[in-house]
Structures are given as C-alpha cells and as structure tokens.
Amino acid sequence: MKLVYITLTVIAVAAGILTYVFLNTEKVIEKIVESPDEAETMNNDNDEIAEDVEVIVGNIPSSEEVAEEFADDMPENKVKKAMHHMSHQKITADRKWGKIFITEGRIKRLIDVVEANEYENKTIYLSILERWESGDFSRADEDHNTIWKLQGGTIGRATGLMTEEEENRYIKEHFE
C-alpha cells in the first residue's frame with residue numbers, strides 16, 4: 001500500500017512540474033539558456049543548435065559577401081531566419097532576437113536563392129521579398145508574424161511598425 005502512495009505522489013509531482021513548465025514556457029526558456037539568441041533558437045528553430053545563431057552587422061556588404069551569407073543551397077529554415085531577422089529593423093515587438101541589416105543586395109540575393117530552390121513556402125517568401133525589393137515595408141509587421149508563425153514562434157510577436165525615428169535609432173544602435 002505504501003508503494004502505491006509513493007507512486008501516486010511521484011506522478012502528482014511530475015504532473016505539477018510539467019504543468020508549470022507548459023504554462024511558463026517563456027520564463028523557463030530564459031532560465032535554461034544563457035542568452036536571448038539561444039532562446040530564439042530553441043523557440044523557433046528546433047532543428048538548429050544555439051551556437052548556429054549569428055548576428056550580421058556592419059556596413060553594406062559586397063555582393064560576394066552576400067553570396068557567402070546566403071548560399072545557393074541555403075536550407076529553408078535559414079531563409080526564414082534571415083527574413084525574420086531582417087524584419088526586426090522595421091517592427092516593434094516585446095522581444096527581438098537576432099538582426100540582419102536590410103540591404104538591397106541581401107533582398108535580391110534571397111530572392112535568387114528562393115527562386116532557385118523548391119521550398120515548402122516559396123510563394124510566401126517571394127511575395128514578401130518582392131514587396132521589400134520595391135521598398136514597400138508597410139506590412140513588415142505582418143510579414144514578420146507570417147515568418148514567425150512558420151517558425152513556430154511563441155515569443156516576440158510583432159505589434160506594429162517602427163517610426164522612421166525609431167528605425168534610425170535601431171540601425172544606429174545595432175548596425176553602426
């Protein structure tokens with residue numbers, strides 16, 4: 001009889017812990033990982049390890065550098081990640097992890113990469129990238145959330161667009 005009580009107690013404790021973890025995913029992720037970049041990797045790209053997260057900053061890269069960043073055979077999850085990180089320059093959100101400075105060369109290169117591959121969400125990527133290529137970022141928050149949902153995002157939903165002043169501050173803070 002004692003064994004039954006011990007077993008039931010262990011099951012109840014385990015159920016409580018699992019419920020807590022499920023209900024507090026964001027807090028648990030923050031406690032488990034050392035940096036926000038790792039949290040995003042765990043949250044959005046379960047097939048990648050945290051050390052794969054990189055931040056691309058600096059001046060406008062050459063076409064050779066962009067081709068190196070975005071290889072012809074770039075996996076689809078990397079395309080999503082690149083677009084997601086680029087959108088951070090334009091959107092407001094409670095949390096943002098990862099950033100890539102938006103350049104005409106990067107947008108054009110991603111279009112070339114997407115066109116050259118058979119990705120599951122190819123039409124979505126091209127629709128967003130072609131709009132961005134024409135300079136239309138008026139729906140960048142929706143674009144962010146579309147990509148974010150494809151990544152299985154749960155933290156960092158875009159809540160709007162930055163003002164020009166906010167974007168300039170973001171660029172200065174993160175890319176200069």
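Which residue follows H7, and what is the sign of its phi? The residue is Gly-135, and its phi is positive, near 90°. Keep in mind while you look around that this is a predicted model.

**The chain as a whole**

The protein chain holds 9 helices and 2 strands. Read from the N terminus, its elements follow the order α-α-α-α-α-β-α-α-α-β-α. The chain has 176 residues, and 43% of them count as buried. Among contacts with a separation of 6 or more, 68% are between residues 24 or more positions apart. The accessible surface amounts to about 10400 Å², with 54% of that belonging to carbon and sulfur atoms.

**Helices H6 and H7**

These two helices make a good place to start exploring. H6 covers residues 104–116 and has 13 residues. H7 has 12 residues, and because a helix should rise 1.5 Å a residue, its expected span is 16 Å, in agreement with the 16 Å between its end C-alpha atoms. For H6, the distance from the first C-alpha to the last is 18 Å, close to the 18 Å expected.

| Helix | Buried residues |
|---|---|
| H6 | Arg-106, Ile-107, Arg-109, Leu-110, Ile-111, Val-113, Val-114 |
| H7 | Lys-122, Tyr-125, Leu-126, Ile-128, Leu-129, Arg-131, Trp-132 |

A general point helps in reading the table: an α-helix has 3.6 residues a turn, so residues three or four places apart point the same way.

What do these buried residues pack against? Those of H6 pack against helix H4 (63–69), helix H5 (76–87) and helix H7 (122–133). Those of H7 pack against H5, H6 and helix H8 (140–150).

Arg-106 deserves a closer look. It lies in helix H6. With a relative accessible area of 2%, Arg-106 falls under the 20% cut-off and is therefore buried. Its side chain is joined to that of Glu-69 by a polar contact of 2.8 Å.

**The nonpolar cores**

The largest nonpolar core has 25 residues, and the members that touch the most others are Met-74, Val-79, Met-83, Ile-107, Leu-110, Tyr-125 and Leu-129. H5, H6, H7 and H8 are the elements that give two or more residues to this core. A second, separate core has 5 residues, among them Phe-101, Met-162, Tyr-170 and Ile-171.

Tyr-125 is listed among the buried residues of H7. Beyond its neighbours within four places in sequence, Tyr-125 is in contact with Glu-76, Val-79, Lys-80, Met-83, Val-114, Tyr-119, Ile-147 and Leu-150.

**Aromatic pairs**

The count of aromatic pairs comes to 4. In the pair of Tyr-119 and Tyr-125, the ring centres are 6.2 Å apart and the planes meet at 75°, so the pair is edge-to-face. Both Tyr-119 and Tyr-125 are buried. Elsewhere, Phe-101, Tyr-170 and Phe-175 form one aromatic cluster, and two of these names, Phe-101 and Tyr-170, also appear in the second core.

**A stop at strand S2**

Is Thr-159 buried or exposed? Thr-159, placed in strand S2 (residues 158–161), is exposed, because its relative accessible area of 57% is over the 50% cut-off. Leaving out residues up to four places away in sequence, Thr-159 touches Thr-92 and Ala-93. Thr-159 and Ala-93 are 66 residues apart along the chain, while their C-alpha atoms are separated by 5.4 Å.

Notes: Residues are numbered from 1 along each chain as its sequence is written. This is a predicted model: local features need pLDDT of at least 70, side-chain atom pairs count only at pLDDT 80 or more; totals for chains, interfaces and linings use all residues. Side-chain values use heavy atoms; hydrogens and water are left out. Helices (H or I, at least four residues) and strands (E, at least two) are DSSP runs, numbered from the N terminus. The expected span of a helix is 1.5 Å times one less than its number of residues. Buried means under 20% relative accessible area, exposed over 50%, partly exposed in between (1.4 Å probe, protein chains only). Contact means heavy atoms within 4.5 Å. A nonpolar core is a set of buried Ala, Val, Leu, Ile, Met, Phe, Trp, Tyr and Cys residues joined through side-chain atoms within 4.5 Å. Accessible areas come from the Shrake-Rupley method with a 1.4 Å probe; for residues, only the protein chains shown count as cover. A polar contact is a pair of N or O atoms within 3.5 Å; within protein, one must be able to donate a hydrogen and the other to accept it, and residues adjacent in sequence count only if both atoms are side-chain atoms. Rings of Phe, Tyr and Trp (its six-membered ring) pair if their centres lie within 6.5 Å; planes under 30 degrees apart count as stacked, over 60 as edge-to-face and the rest as tilted.
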